[in-house]
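Trainee: Before we discuss this model, may I ask that every term be set against its definition?

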Amino acid sequence: MFLSRQGARFVSRRIPCCTVRNNALPSFTTGFCRNFSSSLKESYDNIIVEKPEEGNGKVAVIKLHRPKAMNALNDDLFKDLIHATSVLDKDQSIKCMILTGSTPRCFAAGADISEMKNMKFEEVYRTDMFSEWQEVSKLGGTPIIAAVSGYCLGGGNEVAMMCDIIVCARGAKFGQPEINLGIIPGAGGTQRLTRAIGKSRAMHMCLTGDLIGSEEAYASGLVAKVYDEDKLLEESIKMATNIASKGSASLRACKEAVNAADELSLQEGLRFERRLFHALFGTEDQKEGMAAFLEKRPADFK
């Protein structure tokens with residue numbers, strides 16, 4: 001459902017969500033709605049979208065919402081998620097997003113195994129299963145914080161790693177247990193996890209299926225911050241609000257430069273960074289930021 005604020009309370013309304021049907025194939029192999037509308041839907045079936053007051057209208061919170069299935073990921077959920085994140089990414093008033101679970105029990109416990117059990121090679125290969133999920137990582141420039149509570153396993157961990165920053169509650173558990181199902185991670189687990197924590201640790205997690213807790217995730221560099229459970233969303237909103245207070249152009253350039261580090265050689269990365277640095281001298285962000293520093297006042301970025 002979509003929750004909207006009226007005064008001090010939330011009003012919830014539910015309407016049918018856009019779906020794509022293909023009677024010949026399970027839902028993991030169907031296409032996504034590509035002709036996105038320019039505004040958020042009044043409600044979604046599998047996510048909740050909120051704009052918290054603390055975010056000053058610049059922060060959006062998206063909650064994965066399949067609580068009976070431990071927020072297990074399927075195509076219907078991703079249709080909702082990609083639609084909402086795409087619309088919010090184009091909304092110039094939103095400067096940071098938070099992705100979290102609707103229950104403290106889990107961020108997402110992985111892909112929906114019940115929908116994959118009887119699928120065959122021809123189906124998953126022909127449709128390039130999970131390729132569409134990568135759209136979450138391809139948003140233009142709006143930073144996304146994954147706020148993880150409870151289980152973050154398999155596809156859930158892969159989705160969290162598609163975000164720009166991961167923070168978690170002290171009781172969070174991370175893992176890539178696909179090996180226990182006779183498969184391997186298929187949405188970035190072997191690639192992004194290795195880049196995040198190194199080959200040996202990633203290999204151990206993927207080969208054994210063992211889970212790691214919040215402290216190990218923090219020590220390995222997988223997560224940036226660890227909070228008490230009851231402070232997770234509050235602190236995530238504070239972080240997002242801080243990020244949202246910066247200049248839009250510099251936020252986009254910074255995200256682009258850091259992400260490029262995974263793809264470029266050091267020398268090419270340094271050159272790319274310099275070019276973005278140079279380009280920002282043609283923006284109002286740079287003019288306002290440096291003027292505010294010299295005048296000893298807070299910057300007022302637009």
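Mentor: Certainly; accessible areas come from the Shrake-Rupley method with a 1.4 Å probe, and for residues only the protein chains shown count as cover. The accessible surface of the protein chain comes to about 15800 Å², and 54% of that surface belongs to carbon and sulfur atoms. This is a predicted model, in which local features need pLDDT of at least 70 and side-chain atom pairs count only at pLDDT 80 or more, while totals for chains, interfaces and linings use all residues. Residues are numbered from 1 along each chain as its sequence is written, and side-chain values use heavy atoms, with hydrogens and water left out.

Trainee: Why does Val148 count as buried?

Mentor: Buried means under 20% relative accessible area, exposed means over 50%, and partly exposed lies in between (1.4 Å probe, protein chains only). Val148 has 0% relative accessibility, so this residue counts as buried. Across the protein chain, 47% of the 302 residues count as buried.

Trainee: In which strand does Val148 lie, and which residues does this residue touch?

Mentor: Helices (H or I, at least four residues) and strands (E, at least two) are DSSP runs, numbered from the N terminus; the protein chain has 11 helices and 12 strands. Val148 lies in strand S7, residues 144-148. Contact means heavy atoms within 4.5 Å. Leaving aside residues up to four places away in sequence, Val148 touches several residues, including Phe107, Ile166, Phe174 and Leu232. Val148 and Leu232 are 84 residues apart along the chain, with their C-alpha atoms separated by 8.1 Å. For the protein chain, among contacts between residues at least 6 apart in sequence, 69% join residues at least 24 apart.

Trainee: Why does Ile183 count as partly exposed?

Mentor: Ile183 has 40% relative accessibility, and therefore counts as partly exposed. This residue lies in the loop between strand S10 (173-175) and helix H5 (189-197).

Trainee: What makes Ile113, Leu181 and Ile183 a nonpolar patch?

Mentor: Patches are made of residues with over 30% relative accessible area and no salt bridge; like charges are joined within 9 Å, and nonpolar side chains (Val, Leu, Ile, Met, Phe, Trp, Tyr) within 5 Å. A salt bridge is a side-chain nitrogen of Lys or Arg within 4 Å of a carboxyl oxygen of Asp or Glu. Ile113, Leu181 and Ile183 form such a patch on the surface, and together they have about 260 Å² of accessible area.

Trainee: Why are S3 and S12 said to stand at the edges of their sheet?

Mentor: Two strands pair if DSSP finds at least two bridges between them. The open sheet has 6 strands in the order S3-S4-S5-S7-S9-S12, with mixed pairing. Strand S3 (47-50) and strand S12 (225-227) each have a single partner strand, so one side of each is left without a neighbour in the sheet. The twist averages 20° from one strand to the next.

Trainee: How do you know that S9 and S12 pair?

Mentor: Strand S9 (residues 165-169) and S12 are joined in the parallel sense over 3 bridges, and the definition asks for at least two, so they pair. Ala169 stands opposite Tyr227 in S12. Helix H1 (residues 75-90) packs on the sheet and touches S3, strand S4 (59-64) and strand S5 (96-101). The direction of H1 makes about 175° with that of S4; axes are lines fitted to C-alpha atoms, for helices over the stretch in contact, and angles run from 0 to 180 degrees between N-to-C directions.

Trainee: How many residues of S5 are buried, and how many bridges join S4 to S5?

Mentor: In S5, 6 of its 6 residues are buried. Cys96, Ile98 and Thr100 point one way from S5, while Met97, Leu99 and Gly101 point the other way. S4 and S5 run parallel and are joined by 6 bridges, with Val59 opposite Cys96 in S5.

Trainee: Which strands stand at the edges of the sheet of 4 strands?

Mentor: This open sheet has the order S6-S8-S10-S11, with mixed pairing. Strand S6 (106-108) and strand S11 (212-213) stand at the edges; each has a single partner strand, so one side of each is left without a neighbour in the sheet. Helix H4 (residues 155-162) lies across S6, S8 and S10, running at about 90° to S8.
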